[in-house]
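Reader: I'd like a close look at one part of this model, the charged pairs and what sits around them. Could you walk me through that slowly, and then show me the pockets and cores as well?

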Amino acid sequence: GNGFLYVDDISVYDPLYATWTGSISSDWANIGNWIPNSIPTSGINVIIPGGLTNYPTISAPASCNNITIASGASLLDNGNLTVSGTATVNRNYAGGEWHLISSPISNATANMFLDLYLQKHTESTNAYTDITAPTTPLNVMQGYALWNDLASTASFVGTINTGDIGSSNNVTRNGQGWNLVGNPYASPIDWDAASGWTKTNVENATYRHVNNATWASYVGGVGTNGGSRYIPSCQGFFIGVTSGFTTGTLTMTNAVRTHNTSTFYKDEVSDIVRLEVSGNGYTDETVIRFLDVASSDFDGQWDAHKLFGSVDEAPAIYSVDNDMMAINSIPATNTVSVGVKAGVPGEFTITATETSEFTDIILEDLLTGTITDLKNNSYTFNY
């Protein structure tokens, strides 16, 4: 029962550690997935590193002493794992950026971010406020905003969340309806999972803060700026409660969890035009999708609002209809209004990076009268 503790690239002999490799499969109970080749027991400390192809799924009773899940790694457990010591889930984050985070453990408090900027979001005012009391609990399935000047790692230590999460009428629309929620599990979740979700009076789009300049959106198979159906562990994200309702319900079960984090929309969605604007060292995307079941008005099942970053130099592109949209799904039409804005002047280029089977994508600049076929050319202009 001897194992190896991996520290950087140096293998250190240690009989109390088992390292997951996933060499064979995702089955925790397969000895070929471990170094050494033995299933961990209650006295063994487990390490699940990042950067692997297969991550463990536990479908029968299992145990270990301490367990550490690296940033980018994941664990699927249906309540079968007994941790006699502590569980630690790590998430790396860049410095000089706001990050939307969520706790994968049930007993986290603001104390773990002592001396950093930690904020909560209030739906009714659509405003962030500082959390100053170290004992403030980080509620399960709630998202928070975190800032640190330097890159670092957040280490969540406690009891890993599993099972049913959420309650009735737990999201609201007393203002604009924006609710900052989060992935409560130590694995990614699938927003499009066939079972496990309850989404009542909740729009179908998710919004993830990528960096100070960019938001990623995803709805119904289409994403912009890297938006995907898969939401990583420890990730906070925004959802909207449907207009006309004051409350909604968002709950989830273990069925929504997955090890998959790959995007898929580019090769599975037809009848879309993806436009990219670039300039001042930044890029942004918008998508127009032609869909018979969609309406010309805002449709919570198929559309995503446009959210803007806080970097003045960064250009943004969006559909003008329905108060600006990142993803605009509409029935067949010949003309769609698109807008671009930036906080400072510069030279900007619009490119059609995805055009499905369309033979012509004609862009008309209403200010200059310039007409460009984006199927074959990009359009560069000064703003």
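Author: Sure, and keep in mind that this is a predicted model. Let's begin with two charged residues: Arg-229 is buried, and Asp-190 is buried too. They are partners, as Arg-229 makes a salt bridge with Asp-190, with 2.8 Å between the closest N and O atoms. Arg-229 sits in the loop between strand S23 (222–224) and strand S24 (230–231), while Asp-190 belongs to strand S19 (residues 189–190), so this pair ties together parts that are 39 residues apart in sequence.

How many salt bridges are there in total? The count comes to four.

Next up is the pair Glu-285 and Arg-274, whose side chains meet in a salt bridge at 3.3 Å, N to O. Glu-285 is in strand S28 (residues 282–290) and Arg-274 is in strand S27 (residues 272–279), so here the parts tied together are 11 residues apart in sequence. Are these two buried or exposed? Glu-285 has a relative accessible area of 11%, and residues under 20% are called buried, so Glu-285 is buried. Arg-274 comes in at 1%, so Arg-274 is buried as well.

Right beside Glu-285 in the sequence there's Asp-284, which forms a salt bridge with Lys-306; the closest N and O atoms are 2.5 Å apart. Asp-284 lies in strand S28, and Lys-306 lies in the loop between strand S29 (304–305) and strand S30 (316–319), so this bridge ties together parts 22 residues apart in sequence. On burial, Asp-284 counts as buried at 5% relative accessibility, and Lys-306 counts as buried at 10%. There's a small network to note too: salt bridges that share partners join Arg-274, Glu-285 and Glu-354.

Now for the open spaces. The largest pocket has a volume of about 1,100 Å³. Its lining is made of 37 residues, and the ones nearest the centre are Val-336, Val-338, Ile-362, Leu-363 and Glu-364. S27 and S28, the strands that carry Arg-274 and Glu-285, turn up here again: they give two or more residues to the lining, as do strand S32 (338–341), strand S34 (362–364) and strand S36 (379–382). By class, that lining has 22 nonpolar, eight polar and seven charged residues.

The second largest pocket holds about 430 Å³ of space. It is lined by 18 residues, with Asn-126, Gln-176, Trp-178, His-305 and Leu-307 closest to the centre. Its lining splits into eight nonpolar, six polar and four charged residues.

What about enclosed space? The structure holds one cavity of 30 Å³ or more, and the largest cavity has about 80 Å³ of space. Among the residues lining the largest cavity are Tyr-207, Arg-208, Tyr-218, Ser-228, Tyr-230 and Phe-237. Strand S21 (206–211), strand S22 (214–219) and S24 each give two or more residues to that lining. S24 is one of the two strands on either side of the loop that holds Arg-229, which brings us back to where we started. The cavity lining divides into seven nonpolar, four polar and one charged residue.

On to the nonpolar packing. The largest nonpolar core has 33 residues, and Trp-28, Ile-48, Ile-67 and Leu-118 touch the most other members. Several strands supply at least two residues each, including strand S3 (17–20), strand S5 (45–48), strand S8 (67–69), strand S15 (144–148) and strand S16 (152–158). The largest share, three residues, comes from S11. There is also a second, separate core of 18 residues, which includes Ile-165, Val-171, Ile-239 and Val-256.

Val-171 leads to one last stop. Val-171 stands opposite Gly-248 in S26. S17 and strand S26 (residues 247–252) pair in the antiparallel sense over two bridges. Both belong to an open sheet of three strands, ordered S17-S26-S20 with antiparallel pairing. The edges are strand S17 (171–172) and strand S20 (197–200), each pairing on one side only.

Technical notes:
Residues numbered from 1 in each chain as written. Predicted model: local features only at pLDDT ≥ 70, side-chain atom pairs only at ≥ 80, totals over all residues. Heavy atoms only, no water. Core = buried A, V, L, I, M, F, W, Y, C linked by side-chain atoms within 4.5 Å. Buried < 20%, exposed > 50% of the residue type's maximum accessible area, 1.4 Å probe, protein only. Helix = DSSP H or I, 4+ residues; strand = E, 2+ residues; numbered from the N terminus. 1 Å grid on protein atoms, 1.4 Å probe; cavity = no way out; pocket = protein on both sides within 12 Å on 5 of 7 lines; lining within 4 Å. Points joined across faces, edges and corners; volume = space filled by probe spheres on them. Nonpolar A, V, L, I, M, F, W, Y, C, P; charged D, E, K, R; others polar. Pairing = 2+ DSSP bridges.
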